[in-house]
Amino acid sequence: MLDVIADSLGLDRERVEGLVRSRVIRIRGYRGLLYASLRRELAGYPEGTVVIFGRDWSRVIHGYPPIQRAVLLRVAVPRHFIDRVVVEEKLNGYNVRVALIDDRVVAITRGGLICPYTTARLNRLLGPKLREALRELGPEEHYLAGEVIGLENPYTRYFYPEAPRFGYFVFDVFREGKPLPPRRRDEVTEKHGVPHVPVLGIVDKDNVDEIRGIIAKLHREGREGVVLKDPEYRVNPLKYTTPATNIGDLRIGMRFFMEEGRSFLFSRILREIFRAYEEGLEGPKLDSLALELGSAILRPAIETVKQIARGEMVAEEFELEFANADELNEFLDYMASLGIDLIVEKTWEENGYLRARIKKPKDTWIEVRKILETGLTPID
Ligand code: ATP
Ligand code: MG
């Protein structure tokens, strides 16, 4: 097994042994498949890369690379791109790579784990279509990367009218770690009825105002933002998010301010600093941004403190759909193996599926209880 991993990644066996011991490489199983995932970038393979192997075969699926963020479009776009820019919608969900392994459609999360919940739901929603698309592409070298959006998942929840519960939109088709041009992605996915991210325009790189117009519209609709790509993928993409998202993230994150809130704060404020600068916000417009930003930070956090002071628990809550109790248990075991103990509040049957209302307790709950008890803060 270690030899297969070493061979696949071009490392020597001792190195792999050390990396497994130090948990940089994590080995896990999913329904009879064994796989190794990289928890950080290694030997040119991005974090989240997986090596999946069977008796006499193995497959490497590269991690999805990070996308550089632009904060000043007028500067970044003309400098970064070559001639034209494909403006794609950035959907707000979680990143899932889909591969055909042993003729099974498997869903791999950003960190490089096969998520049983995502795999099962994706199979119900699009299984045969994904299989056909990958068969046409060549399932040995190709895999898809896309965003799962909607409310029914354990990771991120934003409402989208086009996929209120669970949807999947492909944003890249990879051949051995290299993305195909967006046009090719659209052809293949459309041919097989697999949804892809909306392409909002193809514009000249010097026409930044057109891109800004597209973003302004997304902002008004409360949508996340854009990913800008070269039509031939000659240079890496850039991402840009709307103020609606920057501030909305803070509002949501600050409910759990000792966790997400803390890591969200500076990055979101930075984005708004440069947006205010680029758009020349002044006077009452700047005042109203300041109030909105301040409220997004303070109000949800204060609400959480009050809730805990009243003796209530603070937890993320969501509803998931399963085929049956085995599938629910497989998912709970998977989360427990990651150190996350979920609480199943209740389950019921609906349209032939098992639905579960689930709570994920947050550290903020424990930390704030301590502060309320002692009157002291762990942070200076
Ligand atoms: P990173 O900063 O490392 O890219 P992240 O998930 O925190 O990771 P995001 O700000 O969400 O970063 O932006 C990158 C992610 O955006 C991608 O990993 C992908 O999941 C998602 N995404 C949504 N729409 C697209 C799209 N059209 N093209 C590429 N990625 C997209
Ligand atoms: Mg995201």
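**Figure 1. The loop that holds Ala43.** In this predicted model, Ala43 lies in the loop that links strand 2 (33-38) to strand 3 (50-53). Its backbone deserves a look. Phi of Ala43 is positive, near 50 degrees, and the residue is not a glycine. How accessible is Ala43? Its relative accessibility is 46%, so Ala43 counts as partly exposed.

**Figure 2. Glu176, between strand 10 and strand 11.** Glu176 sits in the loop between strand 10 and strand 11 (178-179). Strand 10 covers residues 167-175. Which sign does phi take at Glu176? Phi is positive here, about 45 degrees, although Glu176 is not a glycine.

**Figure 3. Helix 5 and its packing partners.** Helix 5 runs over residues 182-191. Its buried residues are Pro182, Arg185, Asp186, Val188 and Thr189. What do these buried residues pack against? One partner is a helix, helix 4. The others are strand 6 (84-90), strand 10 (167-175), strand 12 (199-204) and strand 13 (225-229). After helix 5 comes Gly193. Phi of Gly193 is positive, near 70 degrees.

**Figure 4. The largest nonpolar core.** This core holds 60 residues. Which of them touch the most other members? They are Ile52, Val98, Leu130, Leu144 and Tyr168. Helix 4 (residues 116-137) gives the largest share of this core, seven residues. A second core is separate and has 18 residues. Among its members are Met254, Phe257, Ile308 and Val368.

**Figure 5. Arg135 on helix 4.** Arg135 belongs to helix 4. Its relative accessibility is 40%, so Arg135 counts as partly exposed. What does Arg135 contact, leaving aside neighbours within four places in sequence? Its contacts are Leu100 and Asp103. Follow the chain from Arg135 to Leu100: they are 35 residues apart in sequence. In space, their C-alpha atoms are 8.1 Å apart.

**Figure 6. Thr109 in strand 8.** Strand 8 spans residues 104-109, and Thr109 is part of it. Is Thr109 buried or exposed? Its relative accessibility is 12%, so Thr109 counts as buried. The cut-off for buried is under 20%. Not counting residues up to four places away in sequence, Thr109 touches Asn95, Arg97, Cys115 and Tyr155.

**Figure 7. Arg262 on helix 8.** Helix 8 covers residues 257-278 and includes Arg262. Arg262 is partly exposed, with a relative accessible area of 45%. Which residues does Arg262 touch, not counting those up to four places away in sequence? They are Phe257, Glu367 and Ile379. Phe257 is also a member of the second nonpolar core. Leu250 offers a distance to check: Arg262 and Leu250 are twelve residues apart in sequence. From C-alpha to C-alpha, Arg262 and Leu250 are 9.5 Å apart in space.

**Figure 8. Pro378, after helix 11.** Pro378 is in the segment that follows helix 11 (363-374). Is Pro378 buried or exposed? The cut-off for exposed is over 50%. Pro378 has a relative accessible area of 59%, so it is exposed. Pro378 still has contacts beyond its neighbours within four places in sequence: Met258, Glu367 and Ile371. Glu367 is touched by Arg262 as well. Pro378 and Val368 are ten residues apart along the chain. Their C-alpha atoms are separated by 10.0 Å. Val368 is listed in the second core.

**Figure 9. The whole protein, for orientation.** The protein has eleven helices and 17 strands. Its C-alpha trace spans about 65 × 55 × 50 Å along the principal axes. Why does its radius of gyration fit a compact globule? For 380 residues, such a globule would have a radius near 21 Å, and the protein has 22 Å, which agrees. Of the 380 residues, 50% count as buried. The accessible surface comes to about 18,500 Å². Carbon and sulfur atoms account for 51% of that surface. Among contacts between residues at least 6 apart in sequence, 67% join residues at least 24 apart. The charges number 58 positive and 60 negative. The mean positions of these two sets are 1 Å apart.

Note on methods
Residues numbered from 1 in each chain as written. Chains lettered and ligands numbered in written order. Predicted model: local features only at pLDDT ≥ 70, side-chain atom pairs only at ≥ 80, totals over all residues. Heavy atoms only, no water. Helix = DSSP H or I, 4+ residues; strand = E, 2+ residues; numbered from the N terminus. Rg over C-alpha atoms; globule rule 2.2 N^0.38 Å. Buried < 20%, exposed > 50% of the residue type's maximum accessible area, 1.4 Å probe, protein only. Contact = heavy atoms within 4.5 Å. Areas by Shrake-Rupley, 256 points an atom, 1.4 Å probe, with all protein chains shown as cover. Lys, Arg positive; Asp, Glu negative; His and termini not counted. Charge placed at Lys NZ, Arg CZ, Asp CG, Glu CD. Core = buried A, V, L, I, M, F, W, Y, C linked by side-chain atoms within 4.5 Å.
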